[in-house]
Amino acid sequence: MAPHQVEEAEAVDAEKQPISRILFIVAMQTEALPLVEKFGLTEDSDSVFPKGVPWVRYHGTYKDLTIDLIRPGKDPNLGVDSVGTISASLITYASIQAFKPDLIINAGTAGGFKAKGASVGDVFLASEVAFHDRRIPIPVFDLYAVGLRPAFSSANLAKELKLKVGKLSTGDSLDMCPQDEASIIANDATVKDMEGAAVAYVADLFKVPVIFLKAVTDIIDGEKPTAEEFLQNLASVTAALELTSHQVVDFINGKSLSDL
């Protein structure tokens with residue numbers, strides 16, 4: 001059997017094995033702590049990560065699953081959550097190397113577009129992800145900049161839990177300038193975040209399947225200022241995210257990737 005055929009056969013076999021280890025990538029402490037409590041996770045007191053990084057790991061066993069939840073921690077100089085694509089890329093890379101997960105779940109909050117059917121409190125399962133703030137107007141480089149990637153196919157999960165499904169667009173700004181808006185429209189996005197496409201890029205490098213759960217805190221094409229609405233709804237929406245994440249993990253338990 002040729003090497004590529006062996007690799008394909010191994011990949012098929014892996015998809016049929018029960019999922020045993022899940023890696024949650026979560027940007028903010030406020031988003032992470034309800035999940036930590038729900039799954040009974042413990043903060044790692046002896047970090048496997050390089051000395052000096054603020055990354056925080058929680059870990060534990062839930063039913064038949066080993067769960068690692070990683071957040072990038074607080075910025076050492078300013079004390080705020082280290083949100084955005086750089087931190088998301090770094091912790092995804094380091095966590096894949098350290099824990100060898102079967103599946104990644106990028107769970108977090110996002111802005112949503114009412115024109116695409118989003119309401120505050122909705123939790124979307126992303127069908128694909130792309131960047132909206134990387135612009136390289138040169139053939140092929142333009143496609144690289146957008147970085148369009150499908151999320152792991154999970155039609156059974158979406159059907160069973162009656163999850164809304166939509167496309168996710170990622171950028172490093174909470175607000176939306178006209179250029180970003182045009183790119184988001186081109187991406188046909190329903191929800192907008194600051195981490196997803198970065199997680200997808202790293203996961204794709206190592207061929208680790210990833211799904212995205214995004215809870216809507218603010219309506220981008222609504223009447224309220226984004227920052228004001230985000231802060232107003234953060235607590236209640238993280239509760240919705242925790243509930244859906246719990247349901248997703250319960251669905252995953254005992255199943256293989258091909259069952260999702």
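**Reading strands, salt bridges and burial in this model**

User: Let's start with the strands. How many bridges pair β3 and strand β4, and in which sense do they run?

Analyst: β3 and β4 (residues 65–71) pair over 7 bridges, in the antiparallel sense. Keep in mind that this is a predicted model. To follow the pairing residue by residue, look across the strands: Arg 57 stands opposite Ile 70 in β4.

User: What happens in the hairpin of β3 and β4, between the strands?

Analyst: The hairpin has 2 residues between its strands, and Lys 63 takes a positive phi there, near 55°.

User: Which strand is joined to β3 by 2 bridges?

Analyst: That's strand β2 (residues 42–43), which runs antiparallel to β3. One partnership to look up is Thr 42, whose bridge partner in β3 is His 59.

User: And is β3 largely enclosed or open?

Analyst: A general idea first: in a regular strand, side chains alternate between the two faces of the sheet. As for this case, strand β3 (residues 56–62) has 5 of its 7 residues buried, so the rest of the structure largely encloses it.

User: On to salt bridges. What should I look for, and how many does the structure hold?

Analyst: Look for a side-chain nitrogen of Lys or Arg within 4 Å of a carboxyl oxygen of Asp or Glu. The structure holds 14 salt bridges. Some join up: Arg 21, Asp 44, Arg 57 and Asp 68 are linked in a network. You've met Arg 57 already, as the residue opposite Ile 70.

User: Where does the salt bridge of Glu 242 and Lys 38 fit in?

Analyst: Their side chains meet with N to O at 3.4 Å. The pair links distant parts of the chain, since Glu 242 sits in helix α8 (residues 226–252) and Lys 38 in helix α2 (residues 29–38), 204 residues apart. Accessibility then adds to the picture: Glu 242 counts as buried because its value is 17%, while Lys 38, at 35%, counts as partly exposed.

User: What does the salt bridge of Lys 116 and Asp 188 look like?

Analyst: N to O is 2.5 Å in this one. Here you want to check where each residue lies. Lys 116 is in the loop between β5 (103–112) and β6 (123–131), and Asp 188 is in the loop between α6 (178–186) and β9 (191–193), so the pair ties together parts that are 72 residues apart in sequence. Lys 116 is partly exposed at 38% relative accessibility, and Asp 188 is partly exposed at 35%.

User: Which residue forms a salt bridge with Asp 204?

Analyst: Lys 207 does, with 3.3 Å between the closest N and O atoms. Asp 204 is partly exposed, with a relative accessible area of 34%, whereas Lys 207 counts as exposed at 65%. Lys 207 also follows α7 and has a positive phi, near 55°.

User: How do I read burial in helix α7 itself?

Analyst: Count the residues under 20% relative accessible area. In α7 (residues 196–205), 7 of the 10 residues are buried, so the rest of the structure largely encloses this helix. Among them are Gly 196, Val 199 and Val 202.

User: What does the UniProt annotation cover?

Analyst: The unreviewed UniProt entry carries "domain: Nucleoside phosphorylase" for residues 21–240. In the model, that span is 33% helix and 28% strand, with its end C-alpha atoms 23 Å apart.

Terms used:
Residues are numbered from 1 along each chain as its sequence is written. This is a predicted model: local features need pLDDT of at least 70, side-chain atom pairs count only at pLDDT 80 or more; totals for chains, interfaces and linings use all residues. Side-chain values use heavy atoms; hydrogens and water are left out. Buried means under 20% relative accessible area, exposed over 50%, partly exposed in between (1.4 Å probe, protein chains only). Helices (H or I, at least four residues) and strands (E, at least two) are DSSP runs, numbered from the N terminus. Two strands pair if DSSP finds at least two bridges between them. UniProt positions are given in the numbering used here, feature names are shortened, and annotations may be inferred rather than shown by experiment.
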